Amino acid sequence: MQFLYPGFLWALLLLAIPIIIHLFYFRKFKKVYFTNVRFLKEVKQETSNRSRIKNLLVLLSRLLALAALVFAFAQPILTDKKEINNAPKAVSIFLDNSFSMQALSSDVPLFDLAKDKVRDIVNAYRDSDQFQIITHDFEGRHQRFYSKENILSLIDEVEISPSVNLLSVAIDRLEQSLSTADADKEMYIVSDFQQNITEFNIDQDSSYQMHLIPLQAVQEKNVSIDSVWLAAPVPMLNQENPLVIKLSNYSDTDAEDVQLSLEYQGQVRPLGTKRLSPNTSVTDTVNFSILKPGWHEADIVITDYPISFDNRYKIALKVSEKVKILSINESGSNRYLKAAFKGLRFFEIENQTASRINYSDFIQQDLIILNEISNLSSGLISSIKDYVSGGGNLLVFPSKNISKESYNALLSSLGANTIISSESGAKQVGTINIEEFIFKDVYLGNQRNIKYPASTFNYTFSNFQSRKGEDLMKYRDGSAFMSKYRIGNGNAYICAAPLNELSNDLVRNAEVFIPMLYKMGISKAKKENIAYTIGKDYLIETDNIIRDDEIIYTIKGKEEFIPAQFNVGSKIMLDVKDQVREAGFYQLSLDDEEISKLAFNYNRLESDLKYYNPDILNDKYGDKSDIISSADADNLKEYISQAESGIPLWKWFIIGVLIFLGIETLLLRFWKT
């Protein structure tokens with residue numbers, strides 16, 4: 001036991017005063033003589049003894065009352081600490097405000113319960129202490145310390161948020177703030193401690209004391225749409241586009257009759273019911289038909305309650321109104337290319353000569369064809385390299401009379417195999433790679449019925465495995481006829497033979513030539529993002545359409561904001577940070593002109609409703625932190641007060657004063673001598 005004000009204990013010396021008075025108070029008795037003296041002596045002796053006992057009891061009551069009063073003023077405290085610390089405190093609190101905190105505990109949302117616990121923590125400390133609260137939002141105003149009154153106002157303003165971070169990240173934020181505080185440091189984590197986010201380290205020699213307050217909910221069953229993606233690199237017009245949907249069952253029981261549907265253009269298309277085994281994930285592929293070009297928005301939806309934030313997955317995808325093709329020719333245009341693209345309704349071809357190239361047009365092209373150019377200038381090589389690495393598609397048909405050095409300069413810059421020599425003589429293509437996107441799903445049935453191209457002149461290339469080329473078509477002798485290279489975000493397609501029909505009959509093979517051009521025009525080395533995750537996907541990539549530092553992009557949804565933007569080559573990266581907080585469809589605009597649509601979904605990190613209970617937390621972190629049990633959390637304010645200042649006993653001593661004074665009163669009133 002310790003005393004807050006031990007100086008008052010000197011007042012115990014005052015107990016000597018009533019003792020002295022009692023010892024020196026002599027009551028004189030007057031002698032009266034009667035005839036029966038023996039009888040009177042016995043009466044006198046009995047009365048004197050009873051009076052002495054009464055006086056001693058009254059004295060003892062007064063001494064105890066005075067002693068209890070002195071102890072009450074000294075404020076005794078029962079504590080395990082060697083010394084009571086009255087230094088100011090800096091208290092940092094993490095309040096979990098993620099979606100999982102919407103779960104119920106005894107019909108009360110965990111989040112409401114958590115806010116009450118945080119208020120209890122604050123109220124357990126003194127008005128002179130400083131407080132900080134951090135949530136998953138990591139708001140700027142939460143990065144500093146406040147007085148008790150101001151922090152209580154901030155707690156009232158905290159709401160459920162779609163943001164979710166690992167607890168290790170949140171603790172790092174708390175530690176950074178505490179490191180600047182010149183006071184005794186305390187850290188509190190109020191959370192449901194979901195397993196997916198609860199992994200962190202506690203420094204044994206840290207300058208703060210960590211307290212974990214787990215809040216347990218009734219564990220619910222949950223089925224989630226984890227992700228959705230296109231099986232092909234790009235969506236195609238007037239075709240069945242396969243959408244792959246990943247579903248997960250985060251419970252220990254079967255999930256039966258989970259209804260899956262597609263909402264598109266105001267219509268709901270049922271996709272059947274699914275059954276998922278416990279704690280498993282499955283993928284399902286559905287076909288999605290697009291009948292017109294432009295941007296398209298769709299929702300994939302399941303029916304699952306009560307957890308609903310992950311029941312809907314939004315996607316936004318684009319089929320270009322026009323696929324733009326640029327053919328750079330030695331002289332005039334190639335009539336076979338012109339005829340081929342004329343038959344493709346949404347393709348638009350432009351022809352330029354090698355002597356008059358408009359390099360500024362490159363960024364707008366989906367496919368650039370180098371058609372039998374004899375010599376490639378250094379400017380063209382540099383521009384082509386930037387174009388391909390930025391996401392463009394390049395198709396090269398070499399001339400029969402080329403500048404080998406210029407072509408090899410281009411191929412080397414693209415990381416492709418270089419030209420070694422030329423060959424004359426008939427050669428037949430023997431195989432087509434139908435597993436690669438260009439020819440995948442093009443042919444049905446027996447591939448032997450396809451008429452393969454043949455050439456009478458071709459170039460041979462080096463064959464370095466490090467160049468990572470992929471053969472789309474090979475001659476029967478195993479050498480490459482058409483190869484593909486992935487460079488940055490783009491593709492380069494290199495043909496070993498010229499395009500003219502005297503050297504190559506590819507132009508007369510419509511069943512190979514037409515689908516090849518079509519798929520090359522729409523192909524992408526990097527899949528388009530059809531959806532983004534709130535709090536995870538901060539950067540959005542878009543084309544630098546104007547190449548002007550003064551251009552301003554805006555993103556419009558329920559609210560409009562200007563994202564941070566910076567140039568990366570031919571692209572502009574937009575940083576949305578925490579400005580998108582609600583799942584939905586957003587419009588990306590440039591100078592009030594909509595250029596694309598963006599689909600944002602809530603983070604699925606909290607779909608798995610598995611928690612660490614207090615026992616597991618104690619096993620993992622109990623040796624380095626204080627795990628507050630549910631019983632102690634019910635009286636959290638008292639628990640913290642006692643832990644910080646011990647158990648105050650002065651009230652009991654005041655009660656003792658009253659009891660002893662009451663005993664004295666009873667003795668004087670009812671003990672008749």
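At what angle do helix α3 and helix α4 pack, and how far apart are their axes? I should like to open with that question, and I note at once that the model before us is predicted.

Helix α3, residues 110–123, and helix α4, residues 148–157, pack at an angle of about 180°, and their axes are 10 Å apart. Because of that angle, α3 is roughly antiparallel to α4. On the side of α3, the contact is made by Lys-115, Val-118, Arg-119, Val-122 and Asn-123. On the side of α4, the contributors are Lys-148, Ile-151, Leu-152, Ile-155 and Asp-156. Sorted by class, this contact of α3 with α4 has 5 nonpolar, 1 polar and 4 charged residues.

A second helix pair may be set beside this one. The axes of helix α6, residues 335–342, and helix α9, residues 510–522, come within 10 Å and cross at roughly 70°. The crossing angle makes α6 roughly perpendicular to α9. Which residues make the contact? From α6 they are Tyr-336, Leu-337, Ala-340 and Phe-341, and from α9 they are Phe-513, Ile-514 and Leu-517. By class, the contact of α6 with α9 comprises 7 nonpolar residues, with no polar and no charged ones.

Let me now step back to the chain as a whole. It contains 13 helices and 34 strands. Of its 673 residues, 47% are buried. Among contacts with a separation of 6 or more, 73% are between residues 24 or more positions apart. The accessible surface of the chain comes to about 34900 Å², and carbon and sulfur atoms account for 51% of that surface.

I turn next to the strands, beginning with β7, residues 184–191. In β7, 7 of the 8 residues are buried, so this strand is largely enclosed by the rest of the structure. Strand β3, residues 89–95, pairs with β7 in the parallel sense over 7 bridges. Strand β8, residues 208–214, is also paired with β7, in the parallel sense and over 7 bridges. Lys-185 of β7 can serve as a point of reference here: Ala-90 stands opposite Lys-185, and in β8 the bridge partner of Lys-185 is Tyr-208.

The next item is a mixed sheet. How many strands form it, and in what order? This open sheet has 9 strands, in the order β17-β16-β18-β19-β24-β23-β22-β20-β21, and its pairing is mixed. Strands β17, residues 347–353, and β21, residues 454–461, stand at the edges; each has a single partner strand, so one side of each is left without a neighbour in the sheet. From one strand to the next, the twist averages 30°. Within this order, strand β19, residues 393–397, and strand β24, residues 490–495, run parallel and are joined by 4 bridges. The bridge partner of Leu-394 in β24 is Ala-492.

Two helices lie across strands of this set. Helix α7, residues 378–389, lies across β16, β18, β19, β23 and β24, and runs at about 150° to β18. Helix α8, residues 404–413, lies across β18, β19, β20, β21 and β24, and runs at about 55° to β20.

There is also an open sheet of 3 strands, in the order β9-β10-β13, with antiparallel pairing. Its edge strands are β9, residues 223–230, and β13, residues 280–289, each of which pairs on one side only. The twist here averages 25° from one strand to the next. Strands β9 and β10, the latter covering residues 240–249, pair in the antiparallel sense over 7 bridges. Ser-224 stands opposite Ser-248 in β10.

I shall finish with two loop residues. Asn-279 is found in the loop between β12 and β13. Its phi is near 55°, a positive value in a residue other than glycine. Is Asn-279 buried or partly exposed? At 41% relative accessibility, Asn-279 counts as partly exposed.

Phe-138 lies in the loop between β6 and α4, and thus the discussion returns to a helix of the opening pair, α4. Phe-138 has a positive phi of about 50°, although it is not a glycine. With a relative accessible area of 15%, Phe-138 is buried.

Notes. Residues numbered from 1 in each chain as written. Predicted model: local features only at pLDDT ≥ 70, side-chain atom pairs only at ≥ 80, totals over all residues. Heavy atoms only, no water. Axes fitted to C-alpha atoms, helices over the stretch in contact; angles between N-to-C directions. Parallel < 35°, antiparallel > 145°, perpendicular 65-115°, else oblique. Contact = heavy atoms within 4.5 Å. Nonpolar A, V, L, I, M, F, W, Y, C, P; charged D, E, K, R; others polar. Buried < 20%, exposed > 50% of the residue type's maximum accessible area, 1.4 Å probe, protein only. Areas by Shrake-Rupley, 256 points an atom, 1.4 Å probe, with all protein chains shown as cover. Pairing = 2+ DSSP bridges.
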